Amino acid sequence: MPLPLRTLHPVPVLGLGLLLAAGCSTGGEGPGAPEGGSRTVEAANGTVEVPAEPENVAVLWRPTLAAATQLGHDVVATMGTPGESGQGLEPFLPPDADGDEFDVVTNSPSEEDINIGELASAGPDLIIGVQTQLGTQAEMLEDLEQIAPTVLLEWEGTGSWRSHLDQVAEVLDEQERAEEAVSEYEEAVARAREELSEAGTDPAGTELSLVRLQNESEIRLETPSSFPGQVVDDLGFTRPDEQVDPEGGTDFVPRSYENLGSADGDAVFVLTGSGYPEAPEAFSEGVWANLSAVQEEQVFHGDHDVWGAASYYAAHHIVEEVTAALTGETEPAV
């Protein structure tokens with residue numbers, strides 16, 4: 001399953017922060033005015049008049065789906081992958097949600113893969129998309145605006161997960177819910193740090209390595225700029241020296257398997273997912289054998305479909321998985 005796009009150098013934020021103006025129209029007055037009044041937001045595509053209380057929201061980015069549902073909104077159409085388990089949406093949903101119940105208007109999570117006709121049939125009263133460096137949704141903005149008011153939010157890579165929730169909250173006028181979600185996450189991190197300490201693990205004294213198996217010839221070392229890198233940073237872990245600075249305008253460090261030594265650490269999480277279904281699940285032989293983490297049985301497996309999902313749902317999952325591994329609840333993958 002393709003993952004949320006990791007852009008190159010962040011594009012400039014065009015006055016984002018989504019500064020909300022006071023309610024600027026009343027009770028559906030004027031041609032095309034939303035029933036129940038409207039508000040304006042400043043977004044990547046300029047000033048947009050949106051319904052004061054949108055009821056049928058369509059989202060054109062999976063992290064936006066996570067944000068909207070976390071803020072208590074039903075989503076009438078979304079990006080996903082029909083035919084995959086849960087349409088590829090489950091990492092972006094709460095645990096009790098069924099991804100198959102959502103109306104998916106794409107064939108893949110690529111930002112340009114939007115079926116305009118299916119989107120229109122879903123009847124949204126608000127569309128929330130993204131502005132990335134590729135800018136493909138901006139190119140189709142005129143078509144989107146024929147369906148419903150459309151807000152494009154700046155997306156600067158997987159590290160945008162925190163600001164994205166805030167931006168979606170401002171579009172939906174749900175800032176209080178967003179604050180609650182942030183507080184819940186911070187409380188979960190604090191509890192995890194206590195559990196780790198009680199189990200004898202000092203995050204500040206533990207080098208935690210995050211290595212994604214991209215394919216048969218490439219590994220990617222997640223840096224603190226990436227989504228999972230930010231989460232383990234919240235937990236207070238240090239990172240191996242070679243996993244601190246990204247390369248090539250990305251949020252990771254690409255390496256060949258011949259350079260697997262750069263993936264070593266006191267503990268290693270090896271991330272694989274549906275993008276590399278043939279990836280191994282155990283790591284004790286061949287090029288892995290010389291890693292100290294392998295020898296100490298401190299290598300654990302993680303699902304990159306979740307670890308790369310760039311949302312508060314996924315962040316909670318990472319916190320739980322790291323805590324379980326380093327308190328002895330999870331068996332190592334060696």
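Biologist: Helix α1 comes up early in the chain; how many of its residues are buried?

Modeller: This is a predicted model, where local features need pLDDT of at least 70, side-chain atom pairs count only at pLDDT 80 or more, and totals for chains, interfaces and linings use all residues. Residues are numbered from 1 along each chain as its sequence is written, and side-chain values use heavy atoms, without hydrogens and water. Helices (H or I, at least four residues) and strands (E, at least two) are DSSP runs numbered from the N terminus. Helix α1 is largely enclosed by the rest of the structure, because its count of buried residues (under 20% relative accessible area, 1.4 Å probe, protein chains only) is 9 of 9.

Biologist: Which elements do the buried residues of α1 pack against?

Modeller: Those buried residues include Arg-62, Leu-65 and Gln-70. Their contacts (heavy atoms within 4.5 Å) are with strands and helices, namely β3, β4, β5 (126-131), α5, α6 (175-198) and α10 (312-326).

Biologist: Are α1 and α5 parallel or oblique to each other?

Modeller: Helix α1 (residues 62-70) and helix α5 (residues 161-172) have axes 9 Å apart, at an angle of about 60°. Axes are lines fitted to C-alpha atoms over the stretch in contact, with angles from 0 to 180 degrees between N-to-C directions. Under 35 degrees is roughly parallel, over 145 roughly antiparallel, 65 to 115 roughly perpendicular and the rest oblique. The pair is therefore oblique.

Biologist: Which residues of α5 does α1 meet?

Modeller: On the α1 side, the contact uses Pro-63, Thr-64, Ala-67 and Ala-68. On the α5 side, the residues are His-164, Leu-165, Val-168 and Leu-172.

Biologist: In what order do the strands of the open sheet lie?

Modeller: The sheet has 4 strands, and the pairing is parallel. Its edge strands, β4 (75-77) and β6 (150-154), each pair on one side only. From one strand to the next, the twist averages 35°. The order is β4-β3-β5-β6.

Biologist: What is the bridge partner of Val-57 in β4?

Modeller: Strand β3 (residues 57-59) pairs with β4 in the parallel sense over 2 bridges; pairing requires at least two DSSP bridges. For Val-57, the partner in β4 is Val-75.

Biologist: How many residues does the hairpin between β1 and β2 pass through?

Modeller: Strand β1 (residues 38-43) is mostly covered, with 5 of its 6 residues buried. It runs antiparallel to β2 (residues 46-51), and 6 bridges join the two. One of the bridge pairs is Glu-42 with Thr-47 of β2. The number of residues in the hairpin connection is 2.

Technical notes. Buried means under 20% relative accessible area, exposed over 50%, partly exposed in between (1.4 Å probe, protein chains only).
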